[in-house]
Amino acid sequence: MFGFFKKKEYKKEITFDYSSIMVDMHSHVLPGIDDGAKDPQESIVLIKKMMALGIKKIIATPHIMADYYRNTSETINESLTILKEELHKQKIDIVIEAAAEHYFDETFEERIDRQELMTMGDNYVLFEFSFINQPPNTIAVVQKLKDLGYKPILAHPERYPYMDIDQFKSLHDWGVSLQLNTISLTGYYGKESKKMAEDLIDAQLIDFISSDMHHLRHAEALKNALRMPYLEKVLFDYPLKNILLK
Ligand SMILES: [Fe+2]
């Protein structure tokens, strides 16, 4: 009866790492500004784990949301500076930049209008939906992003239980790139997310993969994801765009 709490045991050996994607573009490793790393020391523990798995560049994406994490480009860049100083002090050689994970709440459209989004690469904007329901004005807002020259990326599509594969297909056709959390393939977020992650890969709908790293349990799952056949498929036989962000 205690099997529920037992640590998963894996038989498959790890034979490759994330070096083929080079860039991890969704993580919460900036210290002290969201539900990720609390201080620079925690940031560095997580960053070292990512480096050990072959990541060469990290784009940190703190939450920006009206309710909980009212980050701005100032709070994010300030945290990035603190982290960079600590990395330099400890002689840790990693490229690190900052963007954001924008929450699609009632303030998202205003932020777009004011053009205060935190972008990565060639004007990519990472955003997430609520886990409860899809905003009714999704297409209008996506169109606005595109009209302003932004390239929208929806974070972890496999984690929205109210959406089906056809809805993702039409979003994708509408110009929204999709970013899979690789740890979903281990079942970290449950069976449904794992299944949707696999279906999205099969349907060739995934554009980016990343860690969404918040803490050490994610680091462990990121490593274990390397045992999953679906990850092998997506790393070596798939048109991923992570490399565009290097
Ligand atoms: Fe995230």
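Which residues of H1 are buried? Keep that question in mind as we walk through this model, which is a predicted one. The answer is Pro-40, Ser-43, Ile-44, Leu-46, Ile-47 and Met-50. Around the helix axis they cover an arc of only 165°, which puts them on the same side of H1. Here's the general idea behind that: an α-helix has 3.6 residues a turn, so residues three or four places apart point the same way.

What does that buried side of H1 pack against? Its buried residues meet S1, S2, H2, S4 and H7. As for its length, H1 has 13 residues and reaches 18 Å from its first C-alpha to its last, close to the 18 Å expected at 1.5 Å a residue. Just after H1 comes Gly-54, with a positive phi near 100°.

Now let's look at H2, which runs over residues 73-89. With 17 residues at 1.5 Å each, H2 should span 24 Å, and its end C-alpha atoms are indeed 24 Å apart, which agrees. Its buried residues are Ile-76, Ser-79, Leu-80, Leu-83, Glu-86 and Leu-87. They take up an arc of only 125° around the axis, which puts them on the same side of H2. Turn the helix around and you find the exposed residues Glu-74, Glu-78, Glu-85, His-88 and Lys-89 on the face away from the buried side. The cover over the buried residues of H2 includes helix H1, strand S3 (63-64) and strand S4 (95-98). After H2 you'll meet Lys-91, whose phi is positive, near 55°.

Next, the sheets. Strands of a sheet pair through backbone hydrogen bonds, either parallel or antiparallel. One open sheet here has three strands in the order S1-S2-S4, with parallel pairing. S1 and S4 stand at its edges, each with a single partner strand, so one side of each is left without a neighbour in the sheet. Two bridges hold S1 and S2 together, and Val-23 stands opposite Lys-57 in S2. Between S2 and S4 there are four bridges, with Ile-58 standing opposite Ile-96 in S4.

S2 itself, residues 57-60, deserves a second look. In a regular strand the side chains alternate between the two faces of the sheet. In S2, Lys-57 and Ile-59 lie on one side and Ile-58 and Ala-60 on the other. Both faces of this strand are covered, and all four of those residues are buried.

There is another open sheet, built from six strands in the order S3-S5-S6-S7-S8-S9, and its pairing is parallel too. S3 and strand S9 (208-210) are the edge strands, each pairing on one side only. S3 runs parallel to strand S5 (residues 101-103), and two bridges join them. Across this pair, His-63 stands opposite Glu-101 in S5.

Stay in S5 for a moment, since His-102 lies there as well. Is His-102 buried or exposed? At 1% relative accessibility, His-102 counts as buried. Leaving out residues up to four places away in sequence, His-102 touches Ile-64, Phe-108, Leu-117, Met-118, Val-125, Leu-126, Phe-127 and Glu-128. Take Val-125 from that list: it is 23 residues from His-102 in sequence, yet the two C-alpha atoms are 7.9 Å apart in space.

Glu-101 takes us to the last stop, the iron ion. Which protein donors does the iron ion have? They are His-26 (NE2), His-28 (NE2), Glu-101 (OE) and Asp-212 (OD), lying 2.0 to 2.2 Å from the ion. The four donor atoms subtend angles of 83 to 172° around the iron ion, which makes the arrangement irregular. Along the sequence, the donor residues are spaced H-x1-H-x72-E-x110-D. His-26 sits in the loop between strand S1 (23-24) and H1, while Asp-212 sits in the loop between S9 and helix H7 (216-224), so the pair ties together parts that are 186 residues apart in sequence. His-26 is buried, with a relative accessible area of 0%. Asp-212 counts as buried as well, at 2% relative accessibility.

Definitions and conventions:
Residues are numbered from 1 along each chain as its sequence is written. This is a predicted model: local features need pLDDT of at least 70, side-chain atom pairs count only at pLDDT 80 or more; totals for chains, interfaces and linings use all residues. Side-chain values use heavy atoms; hydrogens and water are left out. The expected span of a helix is 1.5 Å times one less than its number of residues. Buried means under 20% relative accessible area, exposed over 50%, partly exposed in between (1.4 Å probe, protein chains only). The arc is that of the directions from the helix axis to the C-beta atoms. Contact means heavy atoms within 4.5 Å. Two strands pair if DSSP finds at least two bridges between them. Donors are N, O and S atoms within 2.8 Å of the metal (3.2 Å for Na, K and Ca); water is not among the atoms, so sites may look incomplete. Four donors count as tetrahedral if all angles lie between 85 and 135 degrees; four count as square planar and six as octahedral if opposite donors are over 155 degrees apart and all others between 65 and 115; anything else is irregular.
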